[in-house]
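Me: Can you walk me through this model? I'll throw short questions at you and jump around.

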Amino acid sequence: MSMRTLAGILLLFSLLGCGKSFKNDADSASGTVKVQIIAPGSVSEDPESTNPYTFQIVELLDVYDLVSASGQYAQFYTRASRSDTRLNGTQPHGQYMKNKDGVFIPKNFLTQQIATLYYHSQNMMRLETSLDLETKRTRPLKIVLDTPVLNTNQSENNAFYDGELDAIIFLKYSEGNLPLSLNGGVFAHEYFHSIFEKVVLKAVKTNQIFSMPITINKLINNKTLERAKSTDLSASADKIGKKLAVGSLSLDTENVKWYYTLLVKGFNEGLADYWGWQYVQDSAFIAHSLPQTITTRKLDLKTQNIDTLQLLSEAEMLSIVYQVSDSEEEKLDLINAFSYLLGSRVALFFKSYSEKVQQERKLSDIEIKKLMNQAVINFVKSLAKTLPQVTMASNQSELISTYSLMYDFISSQEIKTKNECEFLRAFLENDAKWSSKIECVSSSQDATASSFKITSKAAQ
Amino acid sequence: MKQLIGLSFILLFSLPSLALSVSLFPFALEQRYTENENQDLYMQKMDSSLAAAFSFDGYQLGLETTKWSHESSAPLISYKETYTELNSTHLFLMGSTLEYLHLYSGIGVGMYESKLKNSFNGIANETNSGQTLFASGIASAQFVYSYFHAALDFRLLMGKDYRPQPTPSGVFKIGITF
């Protein structure tokens with residue numbers, strides 16, 4: 001054999017034969033895979049973790065292909081584009097190093113994102129299937145990274161759920177804090193929007209009253225949010241309040257539509273904020289990524305500029321609807337901004353109620369999450385029954401108020417202690433309709449078990 | 001294992017006396033066409049490369065060491081993976097033209113070790129890949145005149161952490177031969 005032939009054979013061997021033996025460890029990883037992600041200790045149930053976000057070793061379940069992080073729970077797209085309602089894009093290639101303990105360590109930021117988001121997606125989907133809820137969700141969940149696939153002016157520092165594409169989209173992050181895609185609370189918030197879309201928004205689609213173009217559920221629209229915060233509603237709310245005191249207020253078709261747009265979007269944002277909070281147990285979870293939201297979205301009374309738990313009053317809601325704007329687009333922007341204000345108060349109620357029940361019944365974190373998550377989902381299901389029945393109101397008394405929705409929620413609750421009941425009564429009494437007209441009474445037939453209900457004083 | 005290492009040392013130190021010529025390449029420039037995290041291909045320059053070659057009748061043994069790194073970052077997070085490679089090349093003379101220009105082809109077999117340092121919010125972790133085998137197919141054009149030795153290699157590298165697979169590479173070396 002000549003030297004040239006030998007060299008040729010060796011070259012061929014090196015090019016073709018060796019390729020198979022140089023397969024990356026991640027190429028053959030599937031099923032249950034241990035990876036290192038960045039998450040809060042409350043999510044990964046690491047008892048030693050005190051820092052909100054740290055490196056955590058977790059198990060990804062039902063992974064088909066670790067490199068693209070595709071599996072039963074998530075599928076990722078980069079360089080995405082849309083053609084009508086179809087999402088196109090390329091699957092990212094994750095790069096990992098396997099350590100001596102068999103844990104896959106992401107080697108770059110993109111891989112870190114897909115591994116972390118797969119884990120959150122897995123947690124959200126498993127939580128959803130553990131609840132009494134039928135969303136007819138298609139699996140895996142579609143998640144888009146770093147690519148604007150909407151016709152939007154905003155190209156960075158935001159996340160949203162797109163109902164048409166049925167995908168959670170993370171825009172490029174350029175602020176110097178925790179990237180939105182690694183923020184577990186933000187993911188849970190967006191995931192909740194997908195539940196609300198499939199259960200409530202789908203149900204109201206055929207009702208003309210909900211035909212206003214509800215803007216996409218962006219995590220934040222800071223400009224309009226700041227504007228809403230700086231808009232003083234008190235004068236117009238007082239004026240409307242005085243009119244309401246002497247009679248009803250007539251409404252035109254447009255006003256009714258704007259009212260329900262505000263109501264639905266407010267509850268959608270509020271319940272999504274609650275969902276984010278319950279997942280990471282952090283009342284300022286958005287602020288880890290977008291610190292400016294600490295003054296608007298933190299779930300506490302001080303941030304929400306209120307002394308007691310309350311929603312927007314009927315007069316406040318109407319004064320928002322009556323705000324004059326030059327264009328429909330601007331009006332939509334305004335309604336959108338105020339929906340976050342209503343949303344934060346809805347979220348704060350559910351958070352506070354959750355804490356109250358946990359304290360009164362001495363429940364563990366797992367027990368209260370289970371109880372409250374099902375309660376919230378039952379509320380969402382009741383909204384899907386109530387809202388499609390809404391008819392065109394000719395005056396404000398025919399509108400479904402924020403408090404009447406909450407009354408429905410409270411009525412469906414099993415109230416076990418007097419304190420829980422008083423908490424809920426005090427909340428409802430913020431509405432003029434129930435102020436000083438309701439009380440807590442024992443409804444227990446059995447002497448060993450206590451239960452309470454809220455009734456109108458006249459009923460006694 | 002000790003015997004193998006001992007034998008390798010004997011072989012290494014006796015190579016110069018067995019070889020027809022020895023070349024040292026203090027200047028070696030290597031560029032690889034590699035893949036970044038977004039799956040874009042780009043030319044990456046190796047941080048440092050050193051090489052030596054022992055030429056026999058129709059066969060050339062090369063020894064090389066190369067260091068290079070990949071970096072990725074986002075706010076609060078950074079990743080740096082550093083590779084250290086030790087490579088042996090086995091080239092066979094395909095032909096010579098103009099007396100000074102020689103064409104070789106052959107293979108390379110080596111080991112690399114990569115260290116990944118990832119940090120988040122000031123907390124850093126280090127992970128080591130351990131020693132991993134890699135191989136390459138090589139075509140080389142070499143110019144030798146008096147004490148001057150220059151080589152231009154085209155390589156296709158395969159290692160389990162290399163992307164794409166195989167990774168094309170170009171190496172330009174200048175050195176002295178004696």
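Me: Where in chain B is B:Pro164 placed?

Reply: B:Pro164 sits in the loop between β8 (148-159) and β9 (167-177) of chain B. Keep in mind that this is a predicted model.

Me: What kind of peptide bond joins B:Arg163 and B:Pro164?

Reply: A cis one, with omega at about -5°. Most peptide bonds are trans.

Me: And the bond from B:Gln165 to B:Pro166, cis or trans?

Reply: That bond is cis, with omega near -5°. B:Pro166 is also in the loop between β8 and β9 of chain B.

Me: Staying with backbone geometry. What is the phi of A:Asp62?

Reply: Positive, about 50°, and A:Asp62 is not a glycine. Most residues other than glycine have a negative phi. A:Asp62 belongs to strand β2 (residues 54-65) of chain A.

Me: How does A:Asp62 count, by relative accessibility?

Reply: Partly exposed, at 34%. That value falls between the 20% limit for buried and the 50% limit for exposed.

Me: What about A:Ser436, what is its phi?

Reply: A:Ser436 has a positive phi of about 60°, and it is not a glycine either. A:Ser436 lies in the loop between α12 (418-428) and β12 (438-442) of chain A.

Me: Switching to disulfides. How many does a search of the whole structure find?

Reply: One over all chains. The disulfide joins A:Cys421 to A:Cys440, with an S to S distance of 2.2 Å.

Me: Which parts of chain A does the pair tie together?

Reply: A:Cys421 lies in helix α12 and A:Cys440 in strand β12, so the link ties together parts that are 19 residues apart in sequence.

Me: Left-handed or right-handed?

Reply: The torsion about the S-S bond of A:Cys421 and A:Cys440 is about -105°, so the disulfide is left-handed.

Me: Is A:Cys421 buried or exposed? Same question for A:Cys440.

Reply: A:Cys421 is buried, with a relative accessible area of 0%. A:Cys440 is buried at 8%. Buried here means under 20%.

Me: On to the overall build of chain A. How many helices and strands are there?

Reply: Chain A has twelve helices and 13 strands. Of its 460 residues, 56% count as buried.

Me: What share of the chain A contacts with a separation of 6 or more comes from residues 24 or more positions apart?

Reply: 71% of them.

Me: And the accessible surface of chain A?

Reply: About 19,600 Å². Carbon and sulfur atoms account for 48% of that surface.

Me: Now the inside. Which residues of the largest nonpolar core touch the most other members?

Reply: A:Trp275, A:Phe349 and A:Phe350 do, in a core of 139 residues. Helix α7 (residues 253-280) of chain A gives the largest share of this core, 15 residues.

Me: What does A:Phe350 touch, leaving out residues up to four places away in sequence?

Reply: A:Leu271, A:Tyr274, A:Met372, A:Val376, A:Phe379, A:Met406 and A:Phe409.

Me: What is in the second core?

Reply: The second core is separate and has nine residues, among them A:Tyr77, A:Val144, A:Leu165 and A:Ala167.

Me: A:Met406 and A:Phe409 were on that contact list. Which residues of α11(A) are buried?

Reply: A:Met406 and A:Phe409 both are, along with A:Thr402, A:Tyr403, A:Ser404, A:Leu405 and A:Ile410. Seven of the ten residues in α11(A) are buried, so to speak of a mostly covered helix fits the cut-off of under 20%.

Me: What do the buried residues of α11(A) pack against?

Reply: α7, α8, α9, α10 (365-386), α12 and β13 (452-456) of chain A.

Me: α8 is in there. How many of its residues are buried?

Reply: Six of eight, and helix α8 (residues 314-321) of chain A is mostly covered. The buried ones are A:Ala315, A:Met317, A:Leu318, A:Ser319, A:Ile320 and A:Val321. They pack against α6 (234-246), α7, α9 (328-361) and α11 (402-411) of chain A.

Me: Last one, back to chain B. Which residues make the nonpolar surface patch?

Reply: B:Leu98, B:Tyr100, B:Leu101, B:Phe143, B:Tyr145 and B:Phe148, with an area of about 580 Å². B:Leu101 is in strand β6 (residues 101-120) of chain B. At 31% relative accessibility, B:Leu101 counts as partly exposed.

Key. Residues numbered from 1 in each chain as written. Chains lettered and ligands numbered in written order. Predicted model: local features only at pLDDT ≥ 70, side-chain atom pairs only at ≥ 80, totals over all residues. Heavy atoms only, no water. Core = buried A, V, L, I, M, F, W, Y, C linked by side-chain atoms within 4.5 Å. Buried < 20%, exposed > 50% of the residue type's maximum accessible area, 1.4 Å probe, protein only. Helix = DSSP H or I, 4+ residues; strand = E, 2+ residues; numbered from the N terminus. Contact = heavy atoms within 4.5 Å. Disulfide = S-S within 2.5 Å. Patch = residues over 30% accessible without salt bridge, like charges linked within 9 Å, V, L, I, M, F, W, Y side chains within 5 Å. Areas by Shrake-Rupley, 256 points an atom, 1.4 Å probe, with all protein chains shown as cover. Salt bridge = Lys/Arg side-chain N within 4 Å of Asp/Glu carboxyl O.
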